[in-house]
Amino acid sequence: MTKRVAILISGSGSNMVSLVKSMTGDHPARAALVLSNNPDAAGLAKAQALGIPTKVIDHRPFGKDRAGFEGALLTAVTDAQPDIICLAGFMRILTPDFIAAWEGKMLNIHPSLLPKYKGLNTHARTIAAGDREHGCSVHEVTAELDGGPVLGQTIIDVAADDTAESLAARLLPLEHDLYAKVLRRFAAGDRSKIITRA
């Protein structure tokens, strides 16, 4: 039975586009919804062009009422009846209550070799630390920020002349590839970890 996937975005949607385009042929999943908290997210138009239903739950009118925002978010996601949720540049930290409703069914992509550099500014932090390796990770989402089980990683070498911008640019296409590979395996029930080096 084909799994239904809801993809949550906040911006350009590049990872979302990669995921949607990967879900063809004998892939065990299909995109059922692209949802954004940002009505101006460029990814919404990209999803519509790919024929994927879209929805916006703007977080701003809710102010500090996170429970109200997440209630609306949960309703919108649940209406699409997804089997899997993929966070793809969704720039809102979800509460444990929301995560608990989708435990074991939610994935995220993070631009570091977790457990290193949870949170933001991962490329700059990698360079500041003098690390010789960097990469990206796909993990299950748990109540701990960027702390769920890692299902896949791609490793790259850090060059002496790398900047945060050059690292980010080199890593982004590898993020696209890794996320698509992990989603395919996850949708088929395979949670074993894959590690690749680019």
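# Fold, core and local geometry of a predicted model

Trainee: How many helices and strands does the protein have, and in what order do the elements run?

Mentor: The protein has six helices and eight strands in this predicted model. From the N terminus on, the elements run β-α-β-α-β-α-β-α-β-α-β-β-α-β.

Trainee: What is the radius of gyration, and how does it stand against the globule rule?

Mentor: Taken along the principal axes, the C-alpha atoms fill a box of roughly 50 × 45 × 30 Å. For 198 residues the globule rule gives 16 Å, and the protein comes close to this, so it is as compact as a globular protein of that length. The radius of gyration is 16 Å.

Trainee: What share of the residues is buried?

Mentor: Residues count as buried under 20% relative accessible area. Of the 198 residues in the protein, those that are buried make up 47%.

Trainee: In what order do the strands of the sheet lie, and which strands are at its edges?

Mentor: Eight strands form an open sheet with mixed pairing, in the order 3-2-1-4-5-6-7-8. Neighbouring strands of this sheet are turned by 20° against each other on average, direction ignored. Two strands pair on one side only, and these edge strands are strand 3 and strand 8.

Trainee: In which sense does strand 6 run relative to strand 5 and strand 7, and how many of its residues are buried?

Mentor: Four bridges join strand 5 to strand 6, with H139 as the bridge partner of N108. Seven bridges join strand 6 to strand 7, and here V138 has G152 as its bridge partner. Strand 6 (residues 133-140) is mostly covered, with seven of its eight residues buried. Strand 6 runs antiparallel to strand 5 and antiparallel to strand 7.

Trainee: In what sense do strand 7 and strand 8 pair, and which residue of strand 8 stands opposite I155?

Mentor: Strand 7 (residues 150-157) and strand 8 pair over four bridges, in the parallel sense. Opposite I155 in strand 8 stands R197.

Trainee: Is I195 of strand 8 buried or exposed?

Mentor: I195 has its place in strand 8. Not counting residues up to four places away in sequence, I195 touches Q153 and I155. Its C-alpha atom is separated by 8.6 Å from that of L151, 44 residues apart along the chain. With a relative accessible area of 51%, against a cut-off of over 50%, I195 is exposed.

Trainee: Why do the buried residues of helix 2 line one face, and which residues are they?

Mentor: Seen down the axis of helix 2, the buried residues fall within an arc of 105°, so they line one face of the helix. They pack against strand 1 (3-9), helix 1 (14-22), strand 2 (29-36) and strand 3 (54-56). The buried residues of helix 2 (residues 42-49) are G43, L44 and A47.

Trainee: At what angle does helix 1 run to strand 1, and helix 3 to strand 2?

Mentor: Helix 1 lies across strand 1, strand 2, strand 4 and strand 5. Helix 3 (residues 66-79) lies across strand 1, strand 2, strand 3 and strand 4. The angle of helix 1 to strand 1 is about 165°, and that of helix 3 to strand 2 is about 155°.

Trainee: Which residues of the largest nonpolar core touch the most other members, and which helix gives the largest share?

Mentor: In soluble globular proteins, nonpolar side chains tend to be buried together. Of the 34 residues in the largest nonpolar core, V5, I7, M16, M23, C86, Y179 and L183 touch the most other members. The largest share of this core, eight residues, comes from helix 6 (residues 164-187).

Trainee: Which residues is I7 in contact with, leaving aside its neighbours within four places in sequence?

Mentor: I7 is among the residues that touch the most other members of the largest nonpolar core. Its contacts beyond four places in sequence are M16, L19, V20, M23, A31, L33, V34, L35, C86 and A88.

Trainee: Where are Q81 and N121, whose phi is positive?

Mentor: Most residues other than glycine have a negative phi, and most peptide bonds are trans. Q81 has a positive phi of about 55° and is exposed, with a relative accessible area of 60%; N121 also has a positive phi of about 55° and is exposed at 59%. Q81 is found in the loop between helix 3 and strand 4, and N121 lies in the loop between strand 5 and helix 5.

Trainee: Which residues does a cis peptide bond join?

Mentor: The omega of this bond is about 15°. P115 lies in the loop between strand 5 and helix 5 (122-128). The cis peptide bond joins L114 and P115.

How values were computed. Residues numbered from 1 in each chain as written. Predicted model: local features only at pLDDT ≥ 70, side-chain atom pairs only at ≥ 80, totals over all residues. Heavy atoms only, no water. Buried < 20%, exposed > 50% of the residue type's maximum accessible area, 1.4 Å probe, protein only. Arc of directions from axis to C-beta. Contact = heavy atoms within 4.5 Å. Core = buried A, V, L, I, M, F, W, Y, C linked by side-chain atoms within 4.5 Å. Pairing = 2+ DSSP bridges. Axes fitted to C-alpha atoms, helices over the stretch in contact; angles between N-to-C directions. Rg over C-alpha atoms; globule rule 2.2 N^0.38 Å.
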